[in-house]
Amino acid sequence: MEGKQLKKLMVGMALTATLATAVTPGFGSIGGNQEKAYAATVTYKVTASKLNVRSGAGTTYGIIGSVVKDQTLSVVSKSGSWYKINYNGRTGYVSSDYVQASGTATPPAESTTYTVTASTLNVRSGAGTNYASIGSVTKGQKLSVVSKSGSWYKINYNGRTGYVSSDYVQASGTTTAPAESTAYTVTASTLNVRSGAGTSYASIGSVTKGQKLSVVSKSGSWYKINYNGRTGYVSSDYVQASATASPKLVVDSFKTLGNAQQVILVTADNYDTKSAKIQTFEKVDGKWKQVLTANGVLGQKGFALSKKEGDMESPTGKYTIGTAFGRYANPGTKLPYRKITANDVWVDDSKSSLYNTWQQKPANGRWTSAENMDIPAYDYGFVINYNESRTPGKGSAIFFHVGTNYTAGCTATSKEQVVSILKWLNPEKNPVIIQSPVSELDKY
């Protein structure tokens, strides 16, 4: 329930990247081993109040920090709709959708381009033809490839993770995506880390036998790695690549899911925090797969032990998913969808026979208090089926909607994530939402 309209945060942030053509120091002109950098000065203005910096080019990657108004960043390249940046000595990515670039040049593309060669290519939910199709791409389309698993490319597809057969994708460039779920271990007693893919490049440090490496890609016989917050290269002759076991997901231990094949999990560190972690999971061929991870917010006072009307707390528990809604046209959800009008309200008057239901003004004596639905927080969202018995005073108007600060009892996240989740939800898969402090997940 939102007693007050949540204001949209609008700010501007200027990002300036000055990248000049460079030759590796100490080597002069060495033909093919000369690394080219992008020569241009471009100013980037961010249109979001706070822009997340992620570990990869997509919303499925973890957040490693954020940038603030007027902060100057070094833009390295562009990968799809994401800018690759230098962030506190390490590599990060920011969405280009919230960045306005001024100037005549754009950052260079990543070193490898992945292009579809089939007239139509299915995008699947897992790495195999036995996985369900979640969409398709067409001939000539460029793909945002995350990694390679056997003969399948893992890609970012419309804000979610998908897989396409590598047999119908042409990779042009000198690098390849690293294998998915692979551990890279140093086998030499001491192995130089170099500034480029070759022994002619300067050593920037070293790694030792048994050390695990964070591999980004492979270029010929060299692995590109993250090394102490910067990019380095090591010879693949002295690195052993071995498959690792897939980590167990939190939903694998849940006992109360019944026939649910889609789960939205909302967790917080404790009852009193308004900050939440939102994860989505889907069961495919009998196995749970994680789809999305995002930051979210709860009621101003956190989770409720026992929800009451007006307590500014979000209810814990497991609930089914109700009607999707929004102030605009259906964004593509399979849920029943209702477009909000100026007269739409949600009754929060505990004494009304219409308590905890969606109604339209005028009240005509049917209630004395109701929540206005035509507000920015409800640009998109869905009803969490809480207090379906409509017990007076137990709480009303519990939604999943747009918001980044706090709510009055709902759960919220960015508009981008809300729309992504709405598109993903499928009523045929009996989706549920679970809200709980981390310490109490064993209840489910």
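This is a short tour of a predicted model, stop by stop, with something to select at each one.

**Stop 1: the whole chain**

Start with everything shown. The protein chain has one helix and 37 strands, so expect to see plenty of arrows if you switch to a cartoon view. Colour by burial if your viewer allows that: of the 444 residues in the protein chain, 48% are buried. The accessible surface is about 20900 Å², and carbon and sulfur atoms hold 47% of that surface. For contacts with a separation of 6 or more, 60% are between residues 24 or more positions apart.

**Stop 2: the helix**

Select residues 415-424, which are helix α1. Is this helix open to the outside or enclosed? Seven of its 10 residues are buried, so the rest of the structure largely encloses α1. To see them, pick Gln417, Val418, Val419, Ser420, Ile421, Leu422 and Trp424.

Now keep Ile421 and show what surrounds that residue. Leaving out residues up to four places away in sequence, Ile421 touches Ile264, Ile278, Thr280, Leu292, Phe382 and Phe400. Keep those names handy, since several come back at the next stops.

**Stop 3: the largest nonpolar core**

As background, nonpolar side chains in soluble globular proteins tend to be buried together. Here the largest nonpolar core has 29 residues. Select Ile264, Val266, Phe382, Phe400, Ile421, Leu425 and Ile433, the residues with the most contacts inside this core. Two or more core residues come from each of β24 (262-268), β25 (275-284), β26 (287-297), β29 (317-326), β34 (380-384), β35 (399-402) and α1. Which element gives the largest share? That is α1, with five residues.

**Stop 4: strand β24**

Select 262-268, strand β24. Seven of its seven residues are buried. Turn on the side chains and look along the strand: Gln262, Ile264, Val266 and Ala268 point one way, while Val263, Leu265 and Thr267 point the other way. Both sets are buried.

Next, add the strands that pair with β24. With β25, β24 runs antiparallel, joined by six bridges, and the two form a hairpin with six residues between them. For one bridge to look at, take Val263, whose partner in β25 is Phe281. Strand β37 (residues 432-437) runs parallel to β24, also through six bridges. Here, try Ile264, which has Ile433 of β37 as its bridge partner.

**Stop 5: a stacked pair of rings**

Time for aromatic rings: the count comes to 12 aromatic pairs. One of them leads to another part of the chain. Select Trp346 and Trp358, a tilted pair measuring 6.1 Å centre to centre with 50° between the planes. Trp346 belongs to strand β31 and Trp358 to strand β32, so the pair ties together parts 12 residues apart in sequence. Both Trp346 and Trp358 are buried.

Then go back to two residues from the core. The ring centres of Phe382 and Phe400 are 4.9 Å apart and their planes lie at 5°, so this pair is stacked. Phe382 sits in strand β34 and Phe400 in strand β35, 18 residues apart, so to speak a link between distant parts of the chain. Phe382 is buried at 0% relative accessible area, and Phe400 is buried at 0% too.

For a wider view of the rings, select Phe325, Trp346, Trp358, Tyr378 and Phe399, which form one aromatic cluster.

**Stop 6: a three-stranded sheet**

Stay with Trp346 and show the strands around that residue. An open sheet of three strands runs in the order β32-β31-β33, with antiparallel pairing. At the edges stand β32 (358-360) and β33 (370-372), each with a single partner strand, so one side of each has no neighbour in the sheet. Neighbouring strands here are turned by 40° against each other on average, direction ignored. Three bridges join β31 (residues 344-347) to β33, and Trp346 stands opposite Glu371 of β33.

**Last stop: Ser144**

Finish by selecting Ser144 in strand β12 (residues 142-149). Buried or exposed? Ser144 is buried, with a relative accessible area of 18%. Beyond its neighbours within four places in sequence, Ser144 is in contact with Ala57, Lys154, Ile155 and Asn156.

Definitions and conventions: Residues numbered from 1 in each chain as written. Predicted model: local features only at pLDDT ≥ 70, side-chain atom pairs only at ≥ 80, totals over all residues. Heavy atoms only, no water. Buried < 20%, exposed > 50% of the residue type's maximum accessible area, 1.4 Å probe, protein only. Helix = DSSP H or I, 4+ residues; strand = E, 2+ residues; numbered from the N terminus. Pairing = 2+ DSSP bridges. Axes fitted to C-alpha atoms, helices over the stretch in contact; angles between N-to-C directions. Core = buried A, V, L, I, M, F, W, Y, C linked by side-chain atoms within 4.5 Å. Contact = heavy atoms within 4.5 Å. Areas by Shrake-Rupley, 256 points an atom, 1.4 Å probe, with all protein chains shown as cover. Phe/Tyr/Trp six-rings, centres within 6.5 Å; stacked < 30°, edge-to-face > 60°.
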